[in-house]
Amino acid sequence: MSRSRICTALAIVALFFSAAFADDVVVLTEENFEKEVGQDRAALVEFYAPWCGHCKKLAPEYEKLGESFKKAKSVLIGKVDCDEHKSLCSKYGVSGYPTIQWFPKGSLEPKKYEGARTAEALTEFVNTEAGTNVKLAAIPSNVVVLTSENFAEIVLNEKKDVLVEFYAPWCGHCKHLAPTYEKVATAFKLDEDVVIANCDADKYKDLGEKYGVSGFPTLKFFPKGNKDGEDYEGGRDLDDFVNFINEKCGTKRDAKGQLTSKAGLVEDLDKLVKEFLTVSDAEKKAVLGKLEEEVEKLSGSSARHGKIYVKVAKSCMDKGADYAKNEIQRLERMLAKSISPAKADEFTLKKNILSTFA
């Protein structure tokens, strides 16, 4: 295996493990279950299936529980994928999903949890069983809350693309949508021109009436070029919203908020890069000049990305044909480390543009 392929493989493995252990709910398997459960701390374990609708609905509540108990040394909050670990789930009598069981400290004899599937109810149960006094963590929201006072300033801002959910606190469909909508907001939190917002139209009836809200939830999109508001009529899964925002706003993100391999690429500049790669070293300077001229015509994020194209082209001329390939490998190593989302965006953009030169 070549050195570049080894580096790529190591990066993928590192990303896998960082993703697997990124949240505060411990992933339990047939290999680690008895090392983690039944030892010196009590454990609440969710046995789930990835395709199960009730499990998906529970997921944000259970994650909130894990966040709340992450510093409680006497309690473990864990989960088992029963599609992947069938024998383990069978061992503990799991016949439906999700099944939540409590394992006292030092015991592998569980007690089935029969309460409500909310973070509040689960927290109360664990505190009672474990003798802890943990408060439910307030997880910061990335959804912008609209009121009569700030609606015009945020939604009618010509420099922003804004998706607004008009909801009512008592609406069951709104409650069901809430965790998905939060994930949408989180996915686009680094895009300054994109705003994911909601408005309590039961409280601010004047805003609901102004925009023709007759049922809940009603979703409207207010792009930079049309502040009358367009009805959102797409699906309500996370991917549906992400695809909609990408199409309407020109963003390039996946459901986890990570930039895709297309992020940062500018079609007209890619054509010049192809020309740059085919001409002789002596002719490259002329193509670089054309590249710089095209970048001068760009605006906004495309202009920022264009400057990366120019910088990479100059580096290829100065450092040789292997510069792009070597720099991609270096960035893959950086991306495999624990870095901030902003840094991940920066490195991914550069890596994508470098790939056109490799």
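**Notebook: rings and a sheet**

I searched the whole structure, a predicted model, and came away with 20 aromatic pairs.

I picked Tyr232 and Phe244 to start with. Their ring centres are 4.8 Å apart and the planes meet at 90°, so I noted the pair as edge-to-face. Tyr232 sits in the loop between strand 10 (230-231) and helix 9 (238-249), while Phe244 belongs to helix 9, 12 residues apart. I checked burial too: both Tyr232 and Phe244 are buried.

Next I looked at Tyr309 and Phe357. Here the centres lie 6.4 Å apart with planes at 55°, so this pair goes down as tilted. Tyr309 is in helix 12 (residues 300-319) and Phe357 in helix 14 (residues 341-357), so the pair ties together parts 48 residues apart in sequence. Both Tyr309 and Phe357 are buried.

Which residues form one aromatic cluster? I found Tyr181, Phe221, Tyr232, Phe241 and Phe244. I also spotted Lys284 lying over the face of Phe276, at 5.1 Å from the ring centre.

Then I turned to a sheet. It is open, has five strands in the order 1-3-2-4-5, and its pairing is mixed. Strand 1 (26-28) and strand 5 (111-112) are at the edges with a single partner strand each, so one side of each has no neighbour in the sheet. I followed strand 4 (residues 99-103) to strand 5: the two pair in the antiparallel sense over two bridges. Trp102 stands opposite Lys111 of strand 5. Helix 5 (residues 119-130) packs on this sheet, touching strand 2 (42-48), strand 3 (75-81), strand 4 and strand 5. I noted that the direction of helix 5 makes about 20° with that of strand 4.

Note on methods. Residues are numbered from 1 along each chain as its sequence is written. This is a predicted model: local features need pLDDT of at least 70, side-chain atom pairs count only at pLDDT 80 or more; totals for chains, interfaces and linings use all residues. Side-chain values use heavy atoms; hydrogens and water are left out. Two strands pair if DSSP finds at least two bridges between them. Helices (H or I, at least four residues) and strands (E, at least two) are DSSP runs, numbered from the N terminus. Contact means heavy atoms within 4.5 Å. Axes are lines fitted to C-alpha atoms, for helices over the stretch in contact, and angles run from 0 to 180 degrees between N-to-C directions. Rings of Phe, Tyr and Trp (its six-membered ring) pair if their centres lie within 6.5 Å; planes under 30 degrees apart count as stacked, over 60 as edge-to-face and the rest as tilted. Buried means under 20% relative accessible area, exposed over 50%, partly exposed in between (1.4 Å probe, protein chains only). A charge sits over a ring if NZ of Lys or CZ of Arg is within 6 Å of the ring centre and within 35 degrees of the ring normal.
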